[in-house]
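User: Could you take a close look at the spot where the two chains meet, and then walk me outward from there into the rest of the model? A connected account would suit me better than a list.

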Amino acid sequence: MKSELILDVQGLTTVFRMEDGSEIKAVDDVSFNVKSGETVAIVGESGSGKSVTAMSIMRLIPNPPGQIVSGKIHFEGNDLLSMSEEEARAIRGNKISMIFQEPMTSLNPSMTVGRQISEPAEVHSMITSQKASQMSQSLLDAVRIPDSADRVSSYPHEFSGGMRQRVMIAMGMSCNPKLIIADEPTTALDVTVQAQVLHLLKDITYKTNASLILITHDLGVVARYADRVHVMYAGKIVESGKSRDIFNSPQHPYTLALMNSIPRLSNQKKEKLKPIRGNPPDLSKLPVGCSFNPRCDFAIKQCFHEKPTLTTNNRYQSKACWATINDK
Amino acid sequence: MQSYVWRRLLAVIPTLVFASMIVFLVIRIIPGDAVDLIIKNSPFMENTEEVRKQIEADLGLDKPIHIQYVQWISNIVFRGDLGKSLMRETSVSNEIVSRLPVTFWLGSLAILFALVIAVPIGVYSALYQDTLGDHIGRSFAILGLAIPSFWLGTIVVILPAILWGWSPPTRLIPFSQNPFSFIAVFISPALILGASLAAVTMRMTRTMMLEVLRQDYIRTARAKGLREKLVVTRHALRNALIPVVTLVGLFVPFVIGGTVVLERIFDLPGVGQLLLLGVMDRDYPVITGIFLMIGIFVIFTNLIVDLSYGLLDPKVRYQKN
Ligand SMILES: Nc1ncnc2c1ncn2[C@@H]1O[C@H](COP(=O)(O)OP(=O)(O)OP(=O)(O)O)[C@@H](O)[C@H]1O
Ligand SMILES: [Mg+2]
């Protein structure tokens, strides 16, 4: 596999100004990269900053209340954050496309599916409007929706959730993007449909050699579909590495806790599922030291007054943690 | 679609029957009666029991009320005849038909003005929420709601007359002779009537637009790399305006009420003026005729709005069964 960098995020920090005037750092000094053709997963609980990271890359953070305050996002060598809006718009939906979590509401209810699918290609002037319907039809074929010839003129409410997510994928593919960001593409779907949609996504990115950022909170999905993974907690990346390594030997207590909270088929011992104790962090009053310390089973003294930084240890696996995981 | 339309049409019949009964009865309940007025206005008649009986018999008012109703309704259904005016002995149907264009122009121009003024301001207000422009737009909306059109109408007629000796044109020139002068007569009253509708429309447009702009599919449209202008016009506006269409349907009775007032103030020979005359004279056939016509009109515009809603909103189109 080529190891050319397609996306390089450095020190990305995105804040939101709250009603009371205070600021929260939804994404705090996040750095990671994506290589050509690679699938990189971002995992974390709800509110950990995954979507905000994705929307920052798209430059779609609503301002106000949000703002990207520092960092660089190099895409194919150019910094997206120092571009004009017009330059960024030319990339958005064209070379980088995004698939959202909510297939039921992410499609315009009063526009035909065919029109919506070919719209990115049309606005980025890749096709003429005569060819648009034909293109939508072949994209519907590509995402394996039967009767594509009839389906192009259907409206979103005539599709099931899984089908709508396929439509979103077709839409995301219409400009042959270099990078697809899928933000929890299957969270809202039935379990059986989830696997089909993820398979399709993986298959399509493989065929077009596009890179994929797969946002999820399901480590099982990560192990199966991602090459590398970044685990986020309270706006920071707390652990990253090859997905197989992390799945087999999580080094950060939070990753371990996430792992114990999901059902695993390989789990022969029938261990009980353990939800992560305590509440998800409140970004407006994070504790001193490591943000995870109130919920951590392995916290040591240092964790309560010093922030850990992401450091690489053995086997290319990095973690931001002072403690060591010991099995009991 | 066709069977749906047929079913809707069929459902209109009981509504119409019910409406016609109410119209017929209610008029007779209000105090004062035509016989008194006829006697009072005629120098040759004396208010004796005998004379009263005679007049009542002439007008057909001596029969029991249900017989009167059946006669009235069967004349309408079988002959399209709304009866004769008690005072002027002219055919009510003819009078209504000859006055209809005036009221129609006034009402439709009012709705047109309301939409043309309100929709752009509502969209602007939503896009630039909480800016100075939004506040100005909303203040005007509240003004438009608060100022009664009879007051505004009177001011518009009187003030220029006092200040500059000019008043809005009121003499109707037939449309076929000079369409511009014909329409010119309607501009001020239609603007005044439109202003109160514009207020509601503007608020509705703004609310719906804000609602739609929060939707996930707007985020999708932005993520496709659409220019903001296209996001608004192509994805937001249409969805935001679907409920506004219903609003126009709800306007119709309100507009008809408004035409009565404004036709009076601007002295336009429309159905509204006829209705006022009828009420003052307790001229039952005139009042019932006009009310029935209004009822039919409102019922059918509601039907049309419902059906056009189906054309605009694909979800409705398929839920008809
Ligand atoms: N528009 C916004 N205004 C204010 N705060 C926001 C906004 N969008 C996100 N946030 C805050 O940013 C933080 C991170 O949110 P984000 O949506 O990235 O979480 P997430 O990891 O995607 O969670 P989920 O799994 O629920 O999608 C949250 O605390 C959220 O409250
Ligand atoms: Mg999210």
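Analyst:
**A polar contact between the chains**

The side chains of A:Thr105 and B:Asp216 are joined by a polar contact of 2.5 Å. Please keep in mind throughout that this is a predicted model.

Let's begin on the chain A side of that pair. A:Thr105 sits in a loop of chain A, the one between β6 (96–99) and α3 (113–123). Is A:Thr105 buried or exposed? With a relative accessible area of 34%, A:Thr105 falls in between and is partly exposed, because buried means under 20% and exposed over 50%. Once its neighbours within four places in sequence are left aside, A:Thr105 is in contact with B:Asp216 and B:Tyr217. Within its own chain, A:Thr105 has its C-alpha atom 9.6 Å from that of A:His157, although 52 residues along the chain lie between these two positions in the numbering.

Now cross over to chain B. Helix α9 of chain B spans residues 216–223, and B:Thr220 lies in it. B:Thr220 has a relative accessibility of 4%, so this residue counts as buried. Which residues does B:Thr220 touch, leaving aside its neighbours within four places in sequence? The contacts are A:Phe100, A:Ser106, A:Met168 and A:Met171.

From here it helps to step back and see chain B as a whole. Chain B contains 13 helices and 0 strands, and read from the N terminus its elements run α-α-α-α-α-α-α-α-α-α-α-α-α. Along the principal axes, the C-alpha atoms of chain B fill a box of roughly 85 × 60 × 40 Å. Of its 321 residues, 40% count as buried. The accessible surface of chain B is about 17400 Å², and carbon and sulfur atoms account for 68% of that surface. If you take the contacts in chain B between residues at least 6 apart in sequence, 71% of them join residues at least 24 apart.

One helix of chain B deserves a pause. In α11 (residues 271–281) of chain B, the buried residues are B:Val271, B:Gly272, B:Gln273, B:Leu274, B:Leu275, B:Gly278 and B:Asp281. What covers them includes α2 (34–41), α5 (92–127), α10 (228–265) and α12 (284–312) of chain B. After α11(B) comes B:Arg282, with a positive phi near 50°.

Back in chain A, strand β6, which borders the loop of A:Thr105, leads us into a sheet. That open sheet has 8 strands in the order β6-β7-β8-β3-β9-β10-β12-β11 (chain A), with mixed pairing. β6 and β11 (311–312) of chain A stand at its edges with a single partner strand each, so one side of each has no neighbour in the sheet. Further in, strand β3 (residues 39–43) and strand β9 (residues 228–233) of chain A pair in the parallel sense over 4 bridges. In that pairing A:Ala41 stands opposite A:Val229 in β9(A).

Chain A has another open sheet, this one of 4 strands in the order β2-β1-β4-β5, and its pairing is antiparallel. Its edge strands are β2 (23–35) and β5 (78–79) of chain A, each pairing on one side only. Strand β4 (residues 66–75) of chain A is joined to β5(A) by 2 bridges, and the two run antiparallel. Here A:Phe75 stands opposite A:Asn78 in β5(A). As a reminder, strands of a sheet pair through backbone hydrogen bonds, either parallel or antiparallel.

The last stop is ligand 1. How many residues surround ligand 1? There are 15, and the closest are A:Ser46, A:Gly47, A:Ser51, A:Val52 and A:Glu184. By type, the shell around ligand 1 divides into 6 nonpolar, 6 polar and 3 charged residues. Helix α1 (residues 50–57) of chain A gives the most to this shell, with 3 residues.

Oxygen atoms of ligand 1 also come close to polar atoms of chain A. One lies 2.4 Å from an N or O atom in the side chain of A:Ser46. For the backbone, an oxygen atom of ligand 1 is 3.0 Å from a polar atom of A:Gly49, and an oxygen atom of ligand 1 is 2.9 Å from a polar backbone atom of A:Val52. On its own, ligand 1 has 640 Å² of accessible area, and the protein covers 68% of it.

Technical notes:
Residues numbered from 1 in each chain as written. Chains lettered and ligands numbered in written order. Predicted model: local features only at pLDDT ≥ 70, side-chain atom pairs only at ≥ 80, totals over all residues. Heavy atoms only, no water. Near = heavy atom within 4 Å. Polar contact = N/O pair within 3.5 Å; in protein donor to acceptor, adjacent residues only side chain to side chain. Areas by Shrake-Rupley, 256 points an atom, 1.4 Å probe, with all protein chains shown as cover. Nonpolar A, V, L, I, M, F, W, Y, C, P; charged D, E, K, R; others polar. Buried < 20%, exposed > 50% of the residue type's maximum accessible area, 1.4 Å probe, protein only. Contact = heavy atoms within 4.5 Å. Pairing = 2+ DSSP bridges.
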